[in-house]
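Visitor: Could you take me through how the strands pair and how the interior packs in this model?

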Amino acid sequence: MKNQKKLYKWQSCKCMALVVSMACCAGNVVRAEQLPTDSTQVKVVHELFNTRDARLTTSSISAIDGQDVEGNSVSSLGNILFGKIPGLFVQQTSGEPGSDAPTFLIRGKHTFTGDNSPLVLVDGYPRDLNTLTVDEVESISVLKDAAATALYGMDGANGIILVTTKRGKAGKTSVKFNAEFGLSSPVSLPSFHNSYDYVRFYRMAEENDGKTVFTYSDEDIMNYRDQVDNMLYPDVDWIDEAIRKVTPTQKYSVNITGGNQTAKFFVNLGYQNNKGLYKEIGDKTYNANNNFDRINFRSNVDIKLLQHLTVSVDLAGRLENINSPYNSSDAIWQNLYTFHPNATPIYAAPGVWGGTNTYRNNPLAYINDRGYRTTHQRLLQANMRFNYDLSSWVKGLSVGVSAAFDSFYSVDKGYSKEYAVQEVLDYDKSTGTYILSEVYGKNTPLTAFGPSSEKEQRFTAYEAYVNYERTWGRHGIKAKVLGRLDSQDTYLSSSDLSSSPDRRAFLSGLLSYDYDHRYLVDLGVSYGGGENFMRGKRFGWFPSVSGAWILSSEDFMKGVDFVDFLKLRVSVGLVGNQNVGGTLFGYRDLYTNASGSWGTGTNNGAYGGGPVEAALGNPDLTWEKALKTDVGVDVTLWKSIDLMFNYFYEYRTDILCSGSAMLPSFYGVTFGYVNYGRVGAQGVEMAASYHKQYRNGGFQIGLNATHQKNKVLRMKESLKNYDYLYSQGLPVGQRFGLLCEGFYSVDDVANRDIVQSYGTVIPGSLKYVDVNGDKVINSDDRVPLGKYSDIPDWELGLNLGANYKGFYLNANIQARIGRDVDLRAQAPYITSPLYYDRNVASYIKQPWTEEVANDPNLAGTIDFPSLSIENNTNNFQTSSFFLRNGDFLRLRSLEIGYNFPKNWIKKARLEAANIYLRGMNLFTLDHLDGLDPEVLEGYPVMRSYNIGVNLTF
């Protein structure tokens, strides 16, 4: 009877949050009209090679489910994860269609040489998350501590993103159709000064450089100001002329789900098209604008072949065609940022591109008249799994085998051409025509190129496992033993040692014990390795232990009615990272020859001739090791408040350091790498959510926050003259630079007693602090500057949801606090006016001049050093002058929708119908003037407005 009461109490914990603690911790916003009504519904969380009741987890896992995934309009799946999962840092580096996939970090950076990226597993196999669409995903789990990742051993140190795709369900066949149309526009684009301001600034720079003969006369400057003739004195806003204000997108998908007790299936077919930002102008027969086309399919089938034998067969594929200009995206945007507004009109005459012998890269011609390239990519993924239930022989025992095969191919092809330009020299009043220069360059026909940049990857995996699960009264045992062999081969059209095969293997075991749903213990171990290290040193042991205590199941908690669920958990374990950086197969000596080719070997491994010099290998190279500790608590209060708190600490060792710093120069050879470095990292994760559902409506709010910091504990560095020059003791990736203390005045330049080693200084040049007091400004005066831009001190996510009588609203807000942006490093073309003949960005409003500097009322308006054409080296050093507060808050998504009542749609034989308006990246608050806080230069992050409809038959 007593046990029955305890069981009843366990089942009647009410509140979804009790069983959704993992999802709430992720800040998941569920459409309120879809909230479960069964208070005893069990939330299942996906672990490595396992699923488990979320209440019984002992490790640190945060997850979101498919409903939250689907509420996004993105072409790269990773872009849905901003602000959704505590501990996960997402960084977008481009908005270009087909190239907008973000990068990920879990709990920050932990190595300064190796790869910090987490392992991504799709249905248990290493795959690119962005090969999936939002319609295919059942859940996304982020596995953060050692207990959650130890079964993957040598690849678990950076955490794991585990994606599970949808599967069929027994019951009536359901068909869901989605159609969505949208318009996208840049979140932010830099602007540049017009021609008048440009020539005015150019004159200012020449005067600062001591010139007496100027490129632009006073009359020229006035003519630009008065815009007397736009052919002789052009004024072109190249970004405005080349970039669209909006561009269309469209997406269609069909999901079919169904089955019975013998066979279940899920089938998805989708199509997506995103247009690029470039305007299509000029007389041509081809399209050079970006165009992203994708067709994807998935079929997941589960079949019960025999009474105890089940088979799962999964097939997925993707076909992509990415059309783009012949020139690269980076080259196009750099040209847009560089080309002067007064260099040339767009056209010198009808059908004739404007340009000069010096300025031939007319930005519109550079985009539209160089030809185009098409990147074709195709991907096929296949899984097959057999599971045999041996319970008739040994209760709770099952065995299985599985295999996976992936094939990816990518190739470029297209057409290239050249174009001619002419300069407008003068105007002939007698004929009323403009006099043009000779033709610079030549117009050529389209010439086919390719196939080029061919890449083929093949991945295979083989797995065998044994499962055992039994319950005796209050005692529960679950055990798993699994062996795995992964192999990936990459073939390139050109010789590249990075295309060498990659073989990895491991044997893992997990033992779980559950006493009365109160005391939970997991013991995990993996023995695995890879071929990147020397024979005999390729394998290692990776153990972990984790436990949880569910206090809310204890008798002493019976009287605490407001606590529905309370769990304490702790874990500790050792995991590895074999993506250590350095040189591939670094345990072998490296040889080079006079032709520059290279190879590895033990005697004479050079290609194309005898060795000229060698870098010594290190036969003792090994993987990075991470000892992780995690302490957490999950709480549900008053059936509607969910709380989560994690503290984590990681001690990572055996990070590669350059061995050359360990040998004197007279030794005669360079040394490869040694496992010497150490990094310590720690932080906290917190999440809170509150939800309430009434008869006609309800709401939900969820907040998650992650704070992290790390420190380089040991690093092999060359000898420095001063202690403050060392990276050891500072965060990973710490920036160094000069401290700026203002601008040189005229008197400062004339009377200065400090030697400037970074070029000539003039009045208005940046003035740096002589940190070491030696009267010389040089590299010894560089000090740690600011915070890291990719990993903030705080990552925040706010997720909101509300519904009323079929109407609903969902919003996702992300914020980053505690980051600095180095404009010189991250926006070099915008922050270097006239440097190498570049343009002048409009964020530069008042450069230093003596007149303004001496006026007390105007001196505070100076926002840039004195302009110069010849003396810029000093100003463009990495310094505190270019550091900006990089904190920002962004409204990542906002959706307003309506679910039609069933009695409205039943005549159309619909099970459900929904219409929605959705915006992505709608609003940003930041400290940067006209620059996007994520992508400061290059193809911008996109804002989108979408309308869609979901129909379920």
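Visitor: Over how many bridges do strand β47 and β48 pair?

Guide: In this predicted model, strand β47 covers residues 912-926 and runs antiparallel to β48. One of the bridges joins Met-920 to Ser-944 of β48. The number of bridges in the pairing of β47 with β48 is nine.

Visitor: Which residue in β48 is the bridge partner of Asn-178?

Guide: Strand β10, residues 171-186, pairs with β48, residues 942-952, in the antiparallel sense, and this pairing extends over 11 bridges. Within β48, the residue bridged to Asn-178 is Asn-950.

Visitor: Which elements do the buried residues of α9 pack against?

Guide: Helix α9 spans residues 329-338, and its buried residues include Ile-332, Trp-333 and Leu-336. The buried residues of this helix pack against three elements, namely α8 (238-242), β14 (309-325) and α10 (363-368).

Visitor: Which helix gives the most to the largest nonpolar core?

Guide: The largest nonpolar core holds 58 residues, and Leu-336 and Tyr-843 are among those with the most contacts inside it. At least two residues of this core come from each of α6 (195-208), α7 (218-226), α8, α9, α10 and β39 (766-768). With six residues, the element that gives the most to this core is α6.

Visitor: What does Tyr-843 touch, not counting residues up to four places away in sequence?

Guide: Tyr-843 is among the residues with the most contacts inside the largest nonpolar core, as are Phe-864 and Phe-882. With residues up to four places away in sequence not counted, Tyr-843 touches Leu-823, Ile-830, Thr-831, Asp-863, Phe-864, Phe-882, Arg-884 and Asp-929.

Conventions:
Residues numbered from 1 in each chain as written. Predicted model: local features only at pLDDT ≥ 70, side-chain atom pairs only at ≥ 80, totals over all residues. Heavy atoms only, no water. Buried < 20%, exposed > 50% of the residue type's maximum accessible area, 1.4 Å probe, protein only. Helix = DSSP H or I, 4+ residues; strand = E, 2+ residues; numbered from the N terminus. Contact = heavy atoms within 4.5 Å. Core = buried A, V, L, I, M, F, W, Y, C linked by side-chain atoms within 4.5 Å. Pairing = 2+ DSSP bridges.
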